[in-house]
Amino acid sequence: MEIDRKRLRCHCIIFCQQFSPCGNVLVTGDNFGRLGIFPLKELLVPSSSASASDDVGTRTIFSMCRGTIYALHSFGDYLVYGSTHGIKAFLWSTILEAAYPKGNEPDTLKVAWALEPPSEIGGGYIVNGLCSLGRHLVSAAASGAVLMWDIEAAQLAHRFDGHSKQALCLVSRPQSADQCFSGSDDGTVKLWDARSSACCHTITPSARTSQETAGCVSSVSVDAHDRWLACGGSNCLSLHHIAMLSSSVSSSNGDGSTGVTGTQQSDSTLITCPEAMAYGSSRSVGSTNSCAFTAESLLSVGSSSYLYHWDMGAHSQKEVPCASKTLYSVAVNGAGRDQVISVSGTSAVLDVYTGYMYGALRLTLG
């Protein structure tokens, strides 16, 4: 048993993270189909005896599927994960009970509901990203489709088509319940509108670089004020002012629907970051694997072992070393002195930073 645990730690890749709405629990998803649950309440209080040198383990690990969990998302009262075997959801109350058990620790997590794309959606069972549009859940499929689900009816409400390769990431607009951005392996970012059931805009972030081919877009993030869109991928990390998105040229398809026949670029800022420059255009996977906004800056992680802080002028503010050699996820919860940042990647160790980066903890899965 101990040998198996060491092997799992050695080969573990944590692709995604999600804080609970209350901020007291951090959940992770990895390449072994496991959910790791970290109770943070005792660790993040000022009186805690844990320090940056401590190696704190999870209280609970649940094996959920035989594949990989690529996405975690907080959807109302539910924690939702997307994997190589579709979508499953759990009540947050169930997660909190597992993190802070009053009696014996539970052996399993009760699934609240599950979604399986129709069989005609090729690659649809592989879910790379998740976000919310009001009462709808949206998923990014390996087939390239962006799927919008009616949770109350437990069925597919709409399918957005437009990406020529797999859809890798999603983010909804904080001040719009009807629009979300998707990033794809085809090098584009598309803005989808649930009201019109159409693509409003298409952005190619690498268009302003000297690269001959568009690299994949593996991460998208929008700031809390709905002003800035950050796009991370293999060729660049870029900032786009959402209000400056030009109107796309639309035409009738003859069947009453409207299709986008042209794409226009937004007013954008190109960030030449160490992740993007490390491997050049020959790298086939995204050099910036994840990005997220705080109140003061933009964070990014990727093919190096550093967490990068950028200001809105695309200037590097700080480089923070992390435990994993390659980083796949950066998650932010709270703001100011209550802000918590967690980073994960190609190891079973997570780096958790508190406040204004004055202190950090290292949490171990397993």
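This passage describes a sheet, a cavity and a buried histidine in a predicted model.

The sheet is open and has four strands. Their order is S1-S2-S3-S5, and the pairing is antiparallel. Strand S1 (14-19) and strand S5 (60-63) form the edges, as each pairs on one side only. From one strand to the next, the twist averages 20 degrees.

Within this sheet, strand S2 covers residues 25-30 and strand S3 covers residues 34-39. The two strands run antiparallel and are joined by five bridges. Thr28 has Gly36 in S3 as its bridge partner. A helix also meets the sheet. Helix H2 (residues 92-99) lies across S1, S2, S3 and S5. Its direction makes an angle of about 100 degrees with S2.

The model was also searched for enclosed space. One cavity of 30 Å³ or more is present in the structure. The largest cavity holds about 60 Å³ of space. Twelve residues line the largest cavity. Pro205, Gly215, Cys216, Val217 and Cys236 are the lining residues that lie nearest its centre. Strand S19 (residues 228-233) gives the most to this lining, with three residues.

The last site is a single histidine. His240 belongs to strand S20, which spans residues 237-241. The relative accessibility of His240 is 2%. Buried means under 20%, so His240 counts as buried. The side chain of His240 also makes a polar contact, at 2.8 Å, with the side chain of Ser238.

Definitions and conventions: Residues are numbered from 1 along each chain as its sequence is written. This is a predicted model: local features need pLDDT of at least 70, side-chain atom pairs count only at pLDDT 80 or more; totals for chains, interfaces and linings use all residues. Side-chain values use heavy atoms; hydrogens and water are left out. Buried means under 20% relative accessible area, exposed over 50%, partly exposed in between (1.4 Å probe, protein chains only). A polar contact is a pair of N or O atoms within 3.5 Å; within protein, one must be able to donate a hydrogen and the other to accept it, and residues adjacent in sequence count only if both atoms are side-chain atoms. Two strands pair if DSSP finds at least two bridges between them. Axes are lines fitted to C-alpha atoms, for helices over the stretch in contact, and angles run from 0 to 180 degrees between N-to-C directions. Contact means heavy atoms within 4.5 Å. On a 1 Å grid over the protein atoms alone, a cavity is a set of points where a 1.4 Å probe fits but cannot get out, and a pocket is an open set with protein on both sides within 12 Å along at least five of seven lines; lining residues have an atom within 4 Å of a point. Grid points are joined across faces, edges and corners, and a volume is the space filled by probe spheres set on the points.
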